[in-house]
Amino acid sequence: MKRSLDESIIIQAMRDLLNKNSNERADALQFFLAHGHEELCSAAGLDAKTIRAKVVEAAKHDGVRREKLVKDLIRVLPKN
């Protein structure tokens with residue numbers, strides 16, 4: 001099924017955590033830490049607290065481990 005615009009924005013922010021540019025990664029992490037994702041998650045029917053916790057956990061890692069955690073998180077999001 002097609003993802004909503006709100007969910008697509010959340011997913012892009014998650015992908016930005018994998019960006020080679022450290023400023024992009026920092027901005028993406030700040031988006032979640034500052035709770036900027038909560039309204040979007042609400043509109044998309046996603047659990048903002050769980051997503052934030054998993055994003056914070058992924059951000060603690062580098063390289064392949066971070067990539068796996070982020071991609072796993074994106075994959076398990078419900079397909080609305």
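Q: Among contacts in the protein between residues at least 6 apart in sequence, what percentage join residues at least 24 apart?
A: In this predicted model, the figure is 53%.

Q: How many helices and strands does the protein have?
A: There are 5 helices and 0 strands. Along the sequence, the pattern reads α-α-α-α-α.

Q: And what is the radius of gyration, set against that of a compact globule?
A: The protein has a radius of gyration of 12 Å. That agrees with a compact globule, because 80 residues would give a value near 12 Å. Along the principal axes, the C-alpha atoms fill a box of roughly 30 × 25 × 20 Å.

Q: What share of the 80 residues is buried?
A: Buried residues account for 29% of them.

Q: Turning to the packing, how is a pair of packed helices described?
A: By two quantities, the angle between the axes and the distance between the axes.

Q: Then at what angle do helix 1 and helix 2 pack?
A: Helix 1, residues 5–16, packs against helix 2, residues 22–33, at about 135°. Their axes are 8 Å apart.

Q: Which term fits the orientation of helix 1 and helix 2 to each other?
A: They are oblique, because the angle of about 135° falls outside the ranges for roughly parallel, roughly perpendicular and roughly antiparallel, the last of which requires over 145 degrees. The crossing of helix 1 past helix 2 is left-handed.

Q: Which residues meet there?
A: Helix 1 contributes Ile-10, Ala-13, Met-14 and Asp-16. On the side of helix 2, the residues are Glu-24, Arg-25, Ala-28, Phe-31 and Phe-32. By class, this contact has 6 nonpolar, no polar and 3 charged residues.

Q: What about helix 1 and helix 5, where do the axes stand?
A: Helix 5 covers residues 63–76, and the axes of helix 1 and helix 5 come within 9 Å, crossing at roughly 170°. The two helices are therefore roughly antiparallel to each other.

Q: Which side chains belong to that contact, and of what class are they?
A: Ile-11, Met-14 and Arg-15 in helix 1 meet Val-70, Leu-73 and Ile-74 in helix 5. The contact has 5 nonpolar, no polar and 1 charged residues. Met-14 of helix 1 also takes part in the contact with helix 2.

Q: Helix 2 and helix 4 next: what are the angle and the distance?
A: Helix 4 spans residues 48–59, and helix 2 packs with helix 4 at an angle of about 145°, their axes being 9 Å apart. Helix 2 passes helix 4 in a left-handed crossing.

Q: Which residues form the contact of helix 2 with helix 4?
A: Leu-29, Phe-32 and Leu-33 of helix 2 meet Ile-51, Arg-52, Val-55, Val-56 and Ala-59 of helix 4. There are 7 nonpolar, no polar and 1 charged residues in this contact. Phe-32 of helix 2 also meets helix 1.

Q: Changing topic, where is Leu-77, and is Leu-77 buried or exposed?
A: Leu-77 lies in the segment after helix 5. Leu-77 counts as buried, because its relative accessibility is 7% and the cut-off is under 20%.

Q: What is Leu-77 in contact with, leaving aside neighbours within four places in sequence?
A: Its contacts are Arg-3, Glu-7, Ile-11, Met-14, Leu-46 and Ile-51. Although Leu-77 and Glu-7 are 70 residues apart along the chain, their C-alpha atoms are separated by 9.0 Å.

Q: And Leu-5, buried or exposed?
A: Leu-5, located in helix 1, counts as exposed at 65% relative accessibility. From Leu-5 to Lys-60, the separation is 55 residues in sequence and 28 Å in space, C-alpha to C-alpha.

Q: How does Ala-26 count by accessibility?
A: Ala-26 is placed in helix 2. With 44% relative accessibility, Ala-26 counts as partly exposed. Its C-alpha atom is separated by 8.8 Å from that of Asp-16, 10 residues away along the chain.

Q: One last residue: what is phi of His-35?
A: Phi of His-35 is near 65°, a positive value in a residue other than glycine. His-35 sits in the loop between helix 2 and helix 3, the latter being residues 38–44. His-35 has a relative accessible area of 37% and is partly exposed.

Note on methods:
Residues numbered from 1 in each chain as written. Heavy atoms only, no water. Axes fitted to C-alpha atoms, helices over the stretch in contact; angles between N-to-C directions. Helix = DSSP H or I, 4+ residues; strand = E, 2+ residues; numbered from the N terminus. Left-handed = near helix turned anticlockwise from the far one by under 90°. Contact = heavy atoms within 4.5 Å. Nonpolar A, V, L, I, M, F, W, Y, C, P; charged D, E, K, R; others polar. Rg over C-alpha atoms; globule rule 2.2 N^0.38 Å. Buried < 20%, exposed > 50% of the residue type's maximum accessible area, 1.4 Å probe, protein only. Parallel < 35°, antiparallel > 145°, perpendicular 65-115°, else oblique.
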